[in-house]
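Here is a short tour of one protein chain, written to be read with the model open beside it. Take a look at the structure first, and then we can walk through the fold together.

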Amino acid sequence: MSIAQAMILAAGRGERMRPLTDTCPKPLLKVKGKPLLEYHLDAFAQGGFRDVVVNTAWLGEQIEDHYGHETAQGARIVYSHEGKDFGGALETAGGIARALPKLADAFWLVAGDVWMPGFLFTRAAYDRFCASGDLAHLILVPNPAHNPKGDFGLSPDGRALNQADTRHTYSTVALLRKDLFASLPAGNPQGLKVKLAPLLRTAMDQGRVGAELYHGPWVDVGTPERLAQLNA
């Protein structure tokens, strides 16, 4: 396994998806016959990012049992088992910090429970980010009905804004640099639970977060109703 340039967040309990997630981890729920997680694994492999870290907690052994360490499309998976190590998920930043030793200095991130089948994880975007001085580059989407106020602003010159009158929703897709997590212990050996948004907001206030608006299909598959609508 070489150092990974991509990570999929797959550790959450999926409370809003109960009872479906009582026996199945949310990233293995199927949209149009294919697990949510697999859309991202395939997209990473197609973009040339074959080495992927997947973090797990709730029912995480099912994910490893299902995929093992390589998919049919050629994605090679290494796991960060937060449930086994700490008894539960470590929140977004805590989970990423735990996985950092397995990741390259810059890496793609996406949540395992969003569906955006047309998004392309390109080498060109990755290389642009690596050449920049930014700590993060966020993919934003138009606000869905369940998040009408949005999360972050977007300046005309492509900067993510902590404070803004008009806000867009963070898609969960981002390019991140290890330095964004410099305030956390290397490898998060204590299993600290830390959210990502405060780290992003601090970096935004320093002018070190880029962003762009994506208009392709995107669904946060957060409830059984949304999953049923996608599969209708």
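Strand β8, covering residues 136–141, pairs with strand β11, residues 169–177, in the antiparallel sense over 5 bridges. If you would like a place to start looking, alanine 136 has leucine 176 in β11 as its bridge partner. Please keep in mind that this is a predicted model.

That pair belongs to an open sheet of 7 strands, which runs in the order β5-β4-β1-β6-β11-β8-β12 with mixed pairing. Why is one side of β5 and of β12 left without a neighbour in the sheet? Strands β5 (76–81) and β12 (209–213) stand at the edges and have a single partner strand each, so one side of each has no neighbour there. From one strand to the next, the twist averages 25°.

Helices pack on this sheet as well. Two of them are set out here, with the strands they meet and their direction relative to one of those strands.

| Helix | Strands met | Angle |
|---|---|---|
| α2 (residues 60–67) | β1 (4–10), β4 (51–56), β5 | about 165° with β5 |
| α4 (residues 91–99) | β1, β4, β5, β6 (103–111), β11 | about 140° to β1 |

Now for a closer look at one residue of the sheet, asparagine 55, which lies in strand β4. Is asparagine 55 buried or exposed? Its relative accessible area is 2%, which is under the 20% cut-off, so asparagine 55 counts as buried. A polar atom of the asparagine 55 side chain lies 2.8 Å from the backbone nitrogen of alanine 10. Leaving aside residues up to four places away in sequence, asparagine 55 touches Met7, Ile8, Leu9, Ala10, Ala11, Ser80, Glu82 and Gly95.

Stepping back to the whole chain, the secondary structure comes to 7 helices and 13 strands. The radius of gyration is 17 Å, close to the 17 Å that the globule rule gives for 232 residues, so the chain is as compact as a globular protein of that length. Along its principal axes, the C-alpha trace spans about 45 × 40 × 30 Å.

Buried residues make up 54% of the 232 in the protein chain. Among contacts with a separation of 6 or more, 76% are between residues 24 or more positions apart. As for the surface, the protein chain exposes about 10,200 Å², and carbon and sulfur atoms supply 52% of that area.

Methods. Residues are numbered from 1 along each chain as its sequence is written. This is a predicted model: local features need pLDDT of at least 70, side-chain atom pairs count only at pLDDT 80 or more; totals for chains, interfaces and linings use all residues. Side-chain values use heavy atoms; hydrogens and water are left out. Two strands pair if DSSP finds at least two bridges between them. Helices (H or I, at least four residues) and strands (E, at least two) are DSSP runs, numbered from the N terminus. Axes are lines fitted to C-alpha atoms, for helices over the stretch in contact, and angles run from 0 to 180 degrees between N-to-C directions. Contact means heavy atoms within 4.5 Å. The radius of gyration is taken over C-alpha atoms; the globule rule is 2.2 Å times the number of residues to the power 0.38. Buried means under 20% relative accessible area, exposed over 50%, partly exposed in between (1.4 Å probe, protein chains only). Accessible areas come from the Shrake-Rupley method with a 1.4 Å probe; for residues, only the protein chains shown count as cover. A polar contact is a pair of N or O atoms within 3.5 Å; within protein, one must be able to donate a hydrogen and the other to accept it, and residues adjacent in sequence count only if both atoms are side-chain atoms.
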